[in-house]
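What follows is a walk through one structure, starting at its metal site and ending at a single side chain elsewhere in the fold.

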Amino acid sequence: MVELCALASGSNGNCYYVGNEREAILVDVGISCKLLMKRFDESGLDFSKVKAVFISHEHADHNRGTRVFSNRYKIPVYFTPGTYYGSSHSSRPTMYRFLQIGQSFQFGDFTIHTFSKKHDSSDPCSFRIEVGGISIGVMTDIGVPCQNVIDHLKFSNVLFLESNYDEKMLWDGKYTWPLKKRIASDHGHLSNIQAFNLVNEHADENLKTIILSHLSGENNTPDLAYEVFVPLAERYSILRTSRHEASEVLRIEN
Ligand SMILES: [Zn+2]
Ligand SMILES: [Zn+2]
């Protein structure tokens, strides 16, 4: 059995759980360790199964709780060198390892594929994880659907996919002009429409489930993001994440 959960998802904090009966990994710890423990409790998942953390980039909404979680529970954290050195001293854990983008490697029961993405940070990395015959893409903060994203999408059975903003809400909203431009740029975030087009144009029959992730609080709502994906709802299971609680735990028998 494979278990998946967005313990946190949104521009206010991200943490994605991928596990089987014996062990688990996290992608990003962008909420405090205290809140993470609360989310584990609420979801019924066992944090002691977590054997490693993989950090996608140094922004606080992906790295805020890493140091405390890792140091307290002696869990190694994998970074690109750019992400590690781009993180402040106060958010660097004691137990860390470097990974090179483009590398695929085995970690326990997990095969971890790493690939670069377009985002305004230092050496950012996306992950696709294979466990128990299931392939899970974790693709947030991807700026633009680059070729790496398209290639790994085709291998994914389940996708945590960024659907960050509704274009009208962004451009009509109260953010400053430079911030709006940054979010919409090729090194910012994917809009609902960009995320939809990516799946609609490039996914094949491998893909079964899309989990709409990393929603903006200011420029999106779960219902707006979902509405855009309704035309795909007969082909795929479309799930929403909340910025305020853990998602349901998705259990896949293999
Ligand atoms: Zn983010
Ligand atoms: Zn970011």
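In this predicted model, two zinc ions, ligand 1 and ligand 2, lie 3.5 Å apart and are bridged by Asp 141. The zinc ion (ligand 2) takes its protein donors from His 57 (NE2), His 59 (ND1), His 119 (NE2) and Asp 141 (OD), at distances of 2.2 to 2.5 Å. Along the sequence these donor residues follow the spacing H-x1-H-x59-H-x21-D. Two of them, His 59 and Asp 141, are 82 residues apart and link distant parts of the chain. His 59 sits in the loop between strand S4 (50–54) and helix H2 (60–63), whereas Asp 141 sits in the loop between strand S10 (134–139) and helix H5 (147–155).

The angles among the 4 donor atoms of the zinc ion (ligand 2) run from 89 to 170 degrees, and the site is irregular. A tetrahedral site would need all angles between 85 and 135 degrees, so the upper end of this range rules that label out.

Is Asp 141 buried or exposed? Asp 141 has a relative accessible area of 1%, and therefore counts as buried. His 59 has 22% relative accessibility, so it is classed as partly exposed; the cut-off for buried is under 20%.

Beyond helix H5, the loop leading to strand S11 (158–162) holds Ser 156. Ser 156 is buried, because its relative accessible area is 0%. A polar atom of the Ser 156 side chain lies 2.8 Å from the backbone oxygen of His 152. Apart from neighbours within four places in sequence, Ser 156 is in contact with Arg 128, Ser 135, Gly 137, Met 139, Asn 206 and Leu 207.

Terms used:
Residues are numbered from 1 along each chain as its sequence is written. Chains are lettered from A and ligands numbered from 1 in the order in which they are written. This is a predicted model: local features need pLDDT of at least 70, side-chain atom pairs count only at pLDDT 80 or more; totals for chains, interfaces and linings use all residues. Side-chain values use heavy atoms; hydrogens and water are left out. Donors are N, O and S atoms within 2.8 Å of the metal (3.2 Å for Na, K and Ca); water is not among the atoms, so sites may look incomplete. Four donors count as tetrahedral if all angles lie between 85 and 135 degrees; four count as square planar and six as octahedral if opposite donors are over 155 degrees apart and all others between 65 and 115; anything else is irregular. Helices (H or I, at least four residues) and strands (E, at least two) are DSSP runs, numbered from the N terminus. Buried means under 20% relative accessible area, exposed over 50%, partly exposed in between (1.4 Å probe, protein chains only). A polar contact is a pair of N or O atoms within 3.5 Å; within protein, one must be able to donate a hydrogen and the other to accept it, and residues adjacent in sequence count only if both atoms are side-chain atoms. Contact means heavy atoms within 4.5 Å.
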